[in-house]
Amino acid sequence: MSSNLIYVLLKQSSVSDHLLHRYIKYINSCIQSNQNNPTKEHTEKHHILPKEMFPEYKSFNKFPWNCAELTIRQHMIAHYILWKLTNHSSQLSAFYLMSSGRGKFPNRQDTYLAKQAKVAKINHATSHCMVS
C-alpha cells in the first residue's frame, strides 16, 4: 500500500489530522490482521481512497495499492471513519447502506450502528437545508 500517497490525497479532504492518522492506521492494521490470521469470514474489497471522491484511482487493476480486503464489520467501520474524516455524504451513505442492510448489502444488520447512521444522515441533510 502506498501510505504516503494516500495520506497526501486524503489530507486535502480531511477535517482532522487525528482521524486521518487513525484511518490509515486502522486500514493497515486490518490488512495485516487479515493476512496473518486468515479466517473463513467473508471479505470485501474496500477502496482506501473512496471511488466517489477519487474516481481516478477507482480501478484495482491499475491501482492495487488502493484495495484492502476487509471483513464486513471492518468495511463498515472504515466507511464510518471516512465519513468522520471527510464529512463527505457518499461515505455516510455507504456506511448507512452497509449497516442497515439496504441497497447492495441486504444481509447486514447492526441496528445500533444503523440508527446512528440514520440520525447522522438526517442531521447532515437538515444542516444543508437550513436558511439563515
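## A salt bridge at Lys-11

The side chains of Lys-11 and Asp-17 come together in a salt bridge, with 2.4 Å from N to O. This is a predicted model, and the distances and angles in this report are computed from it. Lys-11 is partly exposed, at 36% relative accessibility. Its partner Asp-17 is also partly exposed, with a relative accessible area of 39%.

As a background point, side chains of opposite charge can pair when their charged atoms come close. How many salt bridges does the model hold? The count comes to two, and the other one takes us to the strands.

## Two strands and the bridge between them

Lys-45 and Glu-69 form a salt bridge through their side chains, at 3.2 Å from N to O. Because Lys-45 sits in strand E1 (residues 43-47) and Glu-69 in strand E2 (residues 67-71), this pair ties together parts that are 24 residues apart in sequence. Glu-69 counts as partly exposed, since its relative accessibility is 33% and the buried class needs a value under 20%.

How do E1 and E2 run relative to each other, parallel or antiparallel? They run antiparallel, and five bridges join them. One place to look is Thr-43, whose bridge partner in E2 is Thr-71. E2 itself is mostly covered, with four of its five residues buried. When you look at the side chains here, keep in mind that in a regular strand they alternate between the two faces of the sheet.

## Leu-49 in the loop

Between E1 and E2 there is a loop, and Leu-49 has its place there. Is Leu-49 buried or exposed? Leu-49 counts as buried because its relative accessibility is 0%.

Which residues does Leu-49 touch, leaving aside its neighbours within four places in sequence? Its contacts are Ile-6, Leu-9, Leu-10, Phe-54, Tyr-57, Trp-65 and Asn-66. Of these, Leu-10 is worth finding in the viewer: Leu-10 and Leu-49 are 39 residues apart in sequence, while their C-alpha atoms are 7.3 Å apart in space.

## Helix H2 against helix H3

Two packed helices are described by the angle between their axes and the distance between the axes. For helix H2 (residues 17-36) and helix H3 (residues 72-86), the axes come within 9 Å and cross at roughly 165 degrees. An angle over 145 degrees counts as roughly antiparallel, so H2 is roughly antiparallel to H3. The crossing of H2 past H3 is left-handed.

On the H2 side, the contact is made by Leu-19, Leu-20, Tyr-23, Tyr-26, Ile-27, Cys-30 and Asn-34. H3 contributes Arg-73, Gln-74, Ile-77, Ala-78, Ile-81, Leu-82, Lys-84 and Leu-85.

## Helix H3 against helix H4

H3 also meets helix H4 (89-100). Their axes come within 8 Å and cross at roughly 155 degrees, which means that H3 is roughly antiparallel to H4. This crossing, too, is left-handed.

Residues of H3 in the contact are His-75, Met-76, His-79, Tyr-80, Leu-82, Trp-83 and Thr-86. From H4 come Gln-91, Leu-92, Ala-94, Phe-95, Met-98 and Ser-99. Leu-82 appears in the contact with H2 and in the contact with H4.

## The turn at Asn-87

Asn-87 lies in the loop between H3 and H4. Its phi is near 55 degrees, a positive value in a residue other than glycine. Asn-87 is partly exposed, with a relative accessible area of 44%.

Terms used. Residues are numbered from 1 along each chain as its sequence is written. This is a predicted model: local features need pLDDT of at least 70, side-chain atom pairs count only at pLDDT 80 or more; totals for chains, interfaces and linings use all residues. Side-chain values use heavy atoms; hydrogens and water are left out. A salt bridge is a side-chain nitrogen of Lys or Arg within 4 Å of a carboxyl oxygen of Asp or Glu. Buried means under 20% relative accessible area, exposed over 50%, partly exposed in between (1.4 Å probe, protein chains only). Two strands pair if DSSP finds at least two bridges between them. Axes are lines fitted to C-alpha atoms, for helices over the stretch in contact, and angles run from 0 to 180 degrees between N-to-C directions. Angles under 35 degrees count as roughly parallel, over 145 as roughly antiparallel, 65 to 115 as roughly perpendicular and the rest as oblique. A crossing is left-handed if the near helix is turned anticlockwise from the far one by less than a right angle, and right-handed if clockwise. Contact means heavy atoms within 4.5 Å.
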